[in-house]
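I sat down with this one over coffee and kept notes as I went. Here they are, in the order I looked things up.

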Amino acid sequence: MSKIVVLMGAPGAGKGTQARLLQERTGLPQISTGDIFRELAKADTPLAREVREVQAAGKLVSDDLVIRVVQERTNREDCRRGYVLDGFPRTTAQAEMLERLAATQGHTLGALLVDVPFEILEKRLTGRRSCPVCGEIYNVYFKPPARDEVCDLHPDARLSRRTDDNAETIKARLATYERDTRPLLDYYEQTGRLVRVDGTRDAEAIYADIEKAVTGG
Ligand SMILES: [Zn+2]
């Protein structure tokens with residue numbers, strides 16, 4: 001059984017954690033387009049040169065080029081048993097190309113959504129605080145410090161938030177994600193291959209469902 005898993009989830013849904021667990025425990029490599037492009041930037045192959053030319057010209061990398069980049073990476077030996085895609089496909093056109101790639105490589109294909117309601121994502125992201133001394137992560141809604149805005153272990157250290165963690169920026173990010181991802185979710189739903197996993201639980205409970213979906217079908 002070899003399978004391509006398209007892993008989906010909004011910012012703050014915990015998708016990265018799940019991709020890492022899948023890689024550690026099933027051995028399916030996590031293939032992220034961000035990583036591939038960073039690797040290509042340093043490579044000297046015909047494909048790498050082609051990508052650099054497009055980028056140097058300030059043009060958008062076309063769907064056709066992206067799929068060839070994904071194909072070249074996933075034709076390697078480590079992907080023979082299947083792989084987990086993170087950040088690809090982004091559009092239904094890319095999803096259709098991925099169908100053909102899966103057929104060529106002899107893999108089945110399934111999509112997994114780590115599903116978290118908008119209100120919870122918003123609280124996860126806007127409530128996040130960290131201690132500037134020890135790096136401990138808090139959340140004012142879900143894991144508050146004993147005293148407001150100070151670390152439990154470092155009472156003199158005021159907790160800090162990331163500069164992009166303000167409510168307006170986060171709302172905009174989530175809205176963009178929702179808008180861009182909706183067609184893709186519909187695509188996988190309509191083709192009967194979308195498995196929704198309740199992402200409001202702890203990471204291990206989420207993972208148990210994900211592993212069942214990946215290894216069971
Ligand atoms: Zn601390």
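**Entry 1: ground rules and overall picture**

I call a residue buried under 20% relative accessible area, exposed over 50% and partly exposed in between, using a 1.4 Å probe and protein chains only. On that scale, buried residues make up 40% of the 217 residues in the protein.

I note that this is a predicted model, where local features need pLDDT of at least 70 and side-chain atom pairs count only at pLDDT 80 or more, while totals for chains, interfaces and linings use all residues. Residues are numbered from 1 along each chain as its sequence is written, and side-chain values use heavy atoms, with hydrogens and water left out.

I took helices (H or I, at least four residues) and strands (E, at least two) as DSSP runs, numbered from the N terminus. I found eight helices and seven strands in the protein. Along the principal axes, the C-alpha atoms fill a box of roughly 55 × 45 × 30 Å.

I also looked up contacts, meaning heavy atoms within 4.5 Å. Of those between residues at least 6 apart in sequence, 68% join residues at least 24 apart.

**Entry 2: the zinc ion**

Which protein atoms are the donors of the zinc ion? I counted N, O and S atoms within 2.8 Å of the metal (3.2 Å for Na, K and Ca); water is not among the atoms, so sites may look incomplete. The donors are C131 (SG), C134 (SG), C151 (SG) and H154 (ND1), and they lie 2.1 to 2.4 Å from the zinc ion. Their spacing in sequence reads C-x2-C-x16-C-x2-H. C134 sits in the loop between β5 (128-130) and β6 (137-139) and C151 in the loop between β6 and α7 (167-190), so this pair ties together parts that are 17 residues apart in sequence.

For the geometry, I used the rule that four donors count as tetrahedral if all angles lie between 85 and 135 degrees. The four donor atoms here subtend angles of 103 to 115°, which makes the arrangement tetrahedral. For reference, the ideal angle for four tetrahedral donors is 109.5 degrees.

Are C134 and C151 buried or exposed? C134 is partly exposed, with a relative accessible area of 37%, whereas C151 is buried at 2% relative accessibility.

I looked for disulfides too, as pairs of cysteine sulfur atoms within 2.5 Å. The count came to zero.

**Entry 3: strands β1 and β3**

I moved on to β3 (residues 82-86), where five of the five residues are buried. Both of its faces are covered, with G82, V84 and D86 on one side and Y83 and L85 on the other.

Which strands pair with β3? Pairing here requires at least two DSSP bridges between two strands. Strand β1 (residues 3-9) runs parallel to β3 over five bridges, and β2 (residues 30-32) pairs with β3 in the parallel sense over three bridges. To place the register, I noted I4 opposite Y83, L7 opposite D86, and S32 opposite D86 as well.

In β1, seven of the seven residues are buried, so the strand is largely enclosed by the rest of the structure. K3, V5, L7 and G9 point one way from β1, and I4, V6 and M8 point the other way. Seven bridges join β1 to β4, and these two run parallel. The bridge partner of L7 in β4 is L112.

**Entry 4: Y83 and H107**

Y83 lies in strand β3 and is buried at 0% relative accessibility. Its C-alpha atom is separated by 8.2 Å from that of S2, although the two residues are 81 residues apart along the chain. Beyond four places in sequence, the contacts of Y83 include K3, I4, V5, L28, P29 and H107.

That last name sent me to H107, in the loop between α5 (92-105) and β4 (108-115). H107 is buried at 10% relative accessibility.

What does the side chain of H107 make a polar contact with? I used N or O atoms within 3.5 Å; within protein, one must be able to donate a hydrogen and the other to accept it, and residues adjacent in sequence count only if both atoms are side-chain atoms. The H107 side chain makes such a contact with the side chain of S2 at 2.7 Å. It also reaches the backbone oxygen of C79 at 3.5 Å. C79 is itself buried, at 0% relative accessibility. Leaving out residues up to four places away, H107 touches residues including K3, I4, R80, R81, G82 and A102.

Terms used:
Four donors count as tetrahedral if all angles lie between 85 and 135 degrees; four count as square planar and six as octahedral if opposite donors are over 155 degrees apart and all others between 65 and 115; anything else is irregular.
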